[in-house]
Amino acid sequence: MVHIHNLGKSYNTAKGTVPVLQDIHLTVEKGDIFGIIGFSGAGKSTLIRCLNRLEEPDTGMIVIGDKVITELDERELRVARQKIGMIFQQFNLFDAKTVFQNVAFPLEVAGHSRPYIQQRVREILDLVQLGDKAHVYPYQLSGGQKQRVGIARALVNEPDLLLSDEATSALDPQTTYSILELLKEINRQLHLTILLITHELDVLQHVCNNMAVLEAGRIVETGPVEQFFLQPRSDTAKRFVGILDHYRERRNVVMEGVGEGI
Ligand code: ADP
């Protein structure tokens, strides 16, 4: 479904050209929920934004489905992007548009008829459980509801791939959980391939089947999520899992203390 071959990306800064991604090779199978984890600054956002060329890669090839994304001209890229949904940490909704208008926007850009737009937006708002919020504005919604609008907008054009750029990082744990459950449900119902980036272990553990670890712009580990937790190999994986173990031990000590106090 997604093949990344030898991807490289640098930024020009005051200090010169700084490599951000190097030698990235990655395959995501159709229907998978695949997570890329890394600490802040590892290059996760740059990587996911290269997939739909919101960032232009310097080198390498990206294939999504039957399209070589890195070879498309501007017009072809606009069309291809209609089949690549994306959700963001800060939701990126239009504040001056209602929920309905936000979700309808990609369909208007794609040139669909008004009756189709009416029907499709209703359908997708029901899927994300916002059927009763069609005519409210984003400021009237909670963070979780705003992300549901973001998800509806990303799915309205029936994409083959959903990219999630830290979509739950601004949400509290309970809301994060409900959004992750929704993503799982969408994956199951629509057989949609989901590729997400995160710095949160909980997200990986909760929704992903397979994953990659990004460390200083390089993929240092890939495999099933269980393998990451049971046999972390890279420094980054060991640090993440080490932090988790530390909290588990502390929780056990606290729980034992509570037990003894009873
Ligand atoms: P992550 O998402 O893992 O936190 P990013 O992809 O946002 O990492 O950033 C990776 C590195 O690239 C960081 O060192 C960041 O400062 C740098 N970077 C990101 N965007 C730009 C840019 N537009 N110009 C220069 N440097 C950038």
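Which helix gives the most to the shell around the ligand? In this predicted model, the answer is helix 1, with 3 residues.

**Around the ligand**

Let's start with who sits there. The shell is made up of Tyr11, Thr13, Val20, Phe39, Ser40, Gly41, Ala42, Gly43, Lys44, Ser45 and Thr46. Two elements, strand 1 (2-13) and helix 1 (44-51), each put in at least two residues. Sorted by class, the shell around the ligand has 6 polar, 4 nonpolar and 1 charged residues.

Backbone atoms come up against oxygen atoms of the ligand at several places. For glycine 41, a backbone N or O atom is 2.7 Å from a ligand oxygen. A backbone N or O atom of glycine 43 lies 2.9 Å from an oxygen of the ligand, and a polar backbone atom of serine 45 is also 2.9 Å from a ligand oxygen. On its own the ligand has 570 Å² of accessible area, and the protein covers 56% of that.

**The largest pocket**

Now for the open space. The largest pocket holds about 640 Å³. Its lining counts 17 residues, and those nearest the centre are Arg81, Ile84, Phe105, Pro106 and Arg153. Helix 2 (74-81), strand 6 (84-88), helix 3 (99-109) and helix 5 (143-155) are the elements that give two or more residues to this lining. Strand 6 has the largest share, 4 residues. As for chemistry, the pocket lining splits into 9 nonpolar, 5 polar and 3 charged residues.

**The enclosed spaces**

How many cavities of 30 Å³ or more does a search of the whole structure find? There are 2, and here is how they look side by side.

| Cavity | Volume | Top contributor to lining | Lining by class |
|---|---|---|---|
| Largest | about 50 Å³ | strand 8, 3 residues | 6 nonpolar, 3 polar, 1 charged |
| Second largest | about 30 Å³ | strand 10, 4 residues | 3 nonpolar, 3 polar, 2 charged |

The largest cavity is lined by Ser164, Glu166, Ala167, Thr168, Leu180, Leu183, Leu196, Ile197, Thr198 and Val203. Helix 6 (173-190) and strand 8 (193-198) are the elements that give two or more residues to that lining.

Around the second largest cavity you'll find Met211, Glu221, Thr222, Gly223, Pro224, Gln227, Phe228 and Arg233. Here strand 10 (218-224) and helix 8 (225-230) each supply at least two lining residues.

Methods:
Residues numbered from 1 in each chain as written. Predicted model: local features only at pLDDT ≥ 70, side-chain atom pairs only at ≥ 80, totals over all residues. Heavy atoms only, no water. 1 Å grid on protein atoms, 1.4 Å probe; cavity = no way out; pocket = protein on both sides within 12 Å on 5 of 7 lines; lining within 4 Å. Points joined across faces, edges and corners; volume = space filled by probe spheres on them. Nonpolar A, V, L, I, M, F, W, Y, C, P; charged D, E, K, R; others polar. Near = heavy atom within 4 Å. Polar contact = N/O pair within 3.5 Å; in protein donor to acceptor, adjacent residues only side chain to side chain. Areas by Shrake-Rupley, 256 points an atom, 1.4 Å probe, with all protein chains shown as cover.
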